[in-house]
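Colleague: Could you take me through one part of this model up close, the barrel and what packs around it? I'd like the cut-offs spelled out along the way.

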Amino acid sequence: MLHTNNVVPGTLTRSRTALALIAATLLIGGCISEASAKSRHHRHHSHHAHKAKSNWQDANASTGFQSSGRSFAGRASFYGNESGSKTASGQRFNQNAMTAAHRSLPFGTKLRVTHRGQSVVVTINDRGPFIKGRVLDLSTGAARAIGLTGAGVGHVTAEVVS
C-alpha cells in the first residue's frame, strides 16, 4: 500500500518537472529530425518521382500544355546549387550543362526551350520542378543561355526536338 505521509516536500514537483523536460526534449528532437529529413528529401529530386507523375498534368493544365505532347508553355525556374549530386536519371548534376528537370518526360528527351526570343536545346535528366505552376527546372547554364538567370523565373515555351 502506498503511504503518502512519508513523501519529501517538493519531490513530486521535481519528478513532474523532470518528466516534462524529457517529453519536451523528445518532442523537439523529433521535430528537428523531421525538418532535416524534409531538407534531405528536397535536395534529392529522385525521391519525388513517384509523386510527380500523378501531379504534373494538374500543374501543366493551367499553363497551356498542348494535348499533342510535342510542345508546352509555362513558368520555368533554374537550379544549380546541387552540383555534383546525382540526378533522378543517375547522372551527376552539372550546373553548366544544358540540362533540365521535367516531371514526366523520358530521360534523354531533348527540348528547345525559348524565353524572350532566345532558345537553347536541353536534355531532360532530372525530375521536377516541385513547385506548383512551374513546368521546367533548367540548369544554371541553360537558364543563362536564354537570359532567365536575372529574374529567376520566367515564361518559356518548350518543344520536343527528339
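Modeller: Let's fix one term to begin with: buried means under 20% relative accessible area, exposed over 50%, and partly exposed in between, using a 1.4 Å probe and protein chains only. This is a predicted model, where local features need pLDDT of at least 70 and side-chain atom pairs count only at pLDDT 80 or more, while totals for chains, interfaces and linings use all residues. Residues are numbered from 1 along each chain as its sequence is written, and side-chain values use heavy atoms, with hydrogens and water left out.

Now the barrel: six strands close up in the order β1-β5-β2-β4-β3-β6, with mixed pairing. On average, neighbouring strands of this sheet are turned by 45° against each other, direction ignored. Angles like that run from 0 to 180 degrees between N-to-C directions, with axes as lines fitted to C-alpha atoms, for helices over the stretch in contact. Strands and helices here are DSSP runs numbered from the N terminus (E, at least two residues, and H or I, at least four), and two strands pair if DSSP finds at least two bridges between them. Take β2, residues 99-101: three bridges join it to β4, and the two run parallel. A101 stands opposite D126 in β4.

As for helix α3, residues 140-145, T140 belongs to it. T140 is buried, at 12% relative accessible area. Contact means heavy atoms within 4.5 Å; leaving out residues up to four places away in sequence, T140 touches F78, Y79, G80, Q95 and T149. With that same exclusion, V113 touches residues including V122, L136, L138 and I146.
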